[in-house]
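Biologist: Thanks for sitting down with me over this one. Could you pull it up so that we can go through it together?

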Amino acid sequence: MGKARGLAAAAVIVLAGCGGSSSPAPQDGPTLRLALPLVPTVLDPAKATDLPSLNVSHELYAGLTRFSGTGVEPDLAESWDVGEGGLVWTFHLRKGIRWSDDTPITAEDFRRSWVRALLPSTNAPYAGPELGIVRGARHLHATGNGSIGVQVLDDRNLRVTLQHPVPWLDELAAFPVTAPAPPRARLYSGPFRLASRKGGKLVLERNFNYWNAGDVKPSRLVLSTATKGADAVLPRQLAGPGLPWIDTAGPPPPGAHELPLLATGLLWLTTRGTALSDPGARQYVAWVVTHLDLGTDPVSLVPPAMPGAGTVNSHAPVQLESEPRPLSLTLAWAKQDVGGSRVAAALRRQEPLLRRFGIRLAFRPVPTPTDLEAQQGADLVLLGWSSKLFDPYNELDLFTCGSAFNIARWCEPSYDAGMRLAVRSLDDEQRWQIERKLVERLHDGVPAIPVYIGGDSFSLRPGVHGFSWSPIGFYELLGMTRS
């Protein structure tokens with residue numbers, strides 16, 4: 001059971017001694033200089049957009065849960081209950097949690113902050129994707145009026161009622177947009193607080209009021225874009241999770257630690273108004289491309305780091321019913337997409353072989369990913385996708401009829417029906433079996449094929465350790481130290 005797993009994790013951590021507070025925080029610790037791809041200018045947890053801003057907000061503001069490894073763990077909530085088949089979630093806050101000025105953090109802080117994030121005037125980019133499942137949230141987000149299904153039972157208990165059951169509200173509750181916004185300026189609830197911001201540099205200091213301050217080793221973090229003299233060069237991805245994924249990082253530097261991301265580079269096959277509107281033509285092109293050497297490792301639709309990938313991914317061979325020839329196709333991609341550009345270059349090198357298969361490609365690079373949306377007449381489009389939760393569902397949601405990111409414009413009502421069933425299945429194994437059938441439908445309909453798996457990298461100075469990374473793109477700085 002999916003929630004049984006999450007609640008078991010919660011129980012383990014609570015039993016480990018993390019009830020109201022952890023061991024006393026040390027009064028000293030190392031100062032760590034960390035290099036980011038850019039220094040965030042927006043630190044409001046509701047308004048952070050790019051991944052560096054989300055990560056820094058993640059350290060300044062704690063939420064009900066916190067990303068860790070391949071899931072989430074309790075943070076300001078010590079545990080939670082799931083009732084009515086996943087429709088109602090009740091979060092139990094830790095005893096004695098406090099803002100950095102020593103005032104209490106209560107369930108009302110969460111209710112107030114979720115309403116604030118959803119108001120159109122706040123302009124919180126992640127409020128819709130992360131909080132839209134809460135009952136009434138979509139109406140409030142669209143109109144600024146109405147109430148949402150968030151009830152304060154008392155200072156330590158928060159009840160959330162959803163529009164329909166989902167298995168992963170605990171994951172959505174880990175995004176910074178769901179953290180309690182401070183009632184006054186310069187208040188913080190996370191492991192660090194902002195000490196200064198000037199000259200393109202952020203200085204964070206340990207927040208001794210954080211419930212788990214004893215596990216926070218650094219006394220200060222100095223964040224800038226300068227790599228010279230840095231103790232760590234942190235991952236360089238800029239796009240936040242749950243968005244079209246563009247590989248902008250390039251190859252990792254020598255000696256860097258490579259990290260898997262829950263991101264897949266996709267080759268989309270446009271199913272309307274092109275030569276690929278014929279399913280047989282799409283299957284033929286997919287068969288040819290998957291037999292070419294594109295210079296990438298073996299790739300599957302769902303990234304191998306994704307929980308359930310081994311069950312969900314279908315590896316049945318394509319059964320060609322025809323070999324349509326000739327096909328004159330146009331390939332579009334964003335020039336700033338490093339991974340997509342590599343695949344495009346590999347396809348250009350394979351042009352003689354493609355022509356032997358009766359496929360002629362015209363290559364159309366565009367300046368930025370947003371320009372891809374305006375491309376008319378492109379038969380093939382290179383554009384990836386990153387997940388915002390630890391389940392294949394988030395990637396498979398690309399291919400529903402109403403998806404704004406369905407570049408292929410492929411629509412299969414039976415596929416959408418399967419997705420509605422999957423999202424309401426709390427049992428992991430049961431949901432993964434449904435998702436496998438969905439992948440098999442994609443295998444037959446061929447709206448897209450995977451061409452590379454996303455990755456990232458980070459570098460640590462010798463002696464620096466304790467860096468923790470989530471494949472969604474969130475990192476933890478609590479345990480970093482220098483021996």
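Biologist: Let's begin with the hairpin formed by β2 and β3: how many residues lie between the two strands?

Modeller: Happy to, and please keep in mind that this is a predicted model. Strand β2 covers residues 65–68 and strand β3 covers residues 71–74; they run antiparallel and are joined by four bridges. One of the pairings links T65 to P74 in β3. In the turn, G69 has a positive phi of about 60 degrees, and the number of residues between the strands is two.

Biologist: Now to R282, please: which side chain of opposite charge is nearest to R282?

Modeller: R282 sits in helix α7, residues 279–290. R282 is buried, yet it has no salt bridge. A salt bridge needs the charged atoms within 4 Å, and the nearest side chain of opposite charge is 6.7 Å away: D278.

Biologist: Which residue has its backbone oxygen 2.8 Å from a polar atom of the R282 side chain?

Modeller: Setting aside neighbours within four places in sequence, R282 is in contact with several residues, including L269, T271, W410 and V446. That contact list also holds the residue you are after. The backbone oxygen lying 2.8 Å from a polar atom of the R282 side chain belongs to G445.

Biologist: D337 caught my eye too. How far away is the nearest side chain of opposite charge?

Modeller: D337 is placed in the loop between β14 (327–334) and α9 (338–349). D337 is buried and has no salt bridge. The nearest side chain of opposite charge is that of R342, at 7.2 Å.

Biologist: And which residue offers its backbone nitrogen 3.3 Å from a polar atom of the D337 side chain?

Modeller: Residues up to four places away are not counted among the contacts of D337, which are I246, D247, L382 and Y452. For the backbone nitrogen, look instead just inside α9, which spans 338–349. The nitrogen 3.3 Å from a polar atom of the D337 side chain is that of G339.

Biologist: Stepping back to the whole protein, what is its radius of gyration?

Modeller: The protein has 14 helices and 22 strands, and 55% of its 483 residues count as buried. Among contacts between residues at least 6 apart in sequence, 72% join residues at least 24 apart. The C-alpha atoms fill a box of roughly 70 × 55 × 40 Å along the principal axes. A compact globule of 483 residues would have a radius of gyration near 23 Å, so the protein agrees with that, at 23 Å.

Notes
Residues numbered from 1 in each chain as written. Predicted model: local features only at pLDDT ≥ 70, side-chain atom pairs only at ≥ 80, totals over all residues. Heavy atoms only, no water. Pairing = 2+ DSSP bridges. Buried < 20%, exposed > 50% of the residue type's maximum accessible area, 1.4 Å probe, protein only. Lys, Arg positive; Asp, Glu negative; His and termini not counted. Polar contact = N/O pair within 3.5 Å; in protein donor to acceptor, adjacent residues only side chain to side chain. Contact = heavy atoms within 4.5 Å. Rg over C-alpha atoms; globule rule 2.2 N^0.38 Å.
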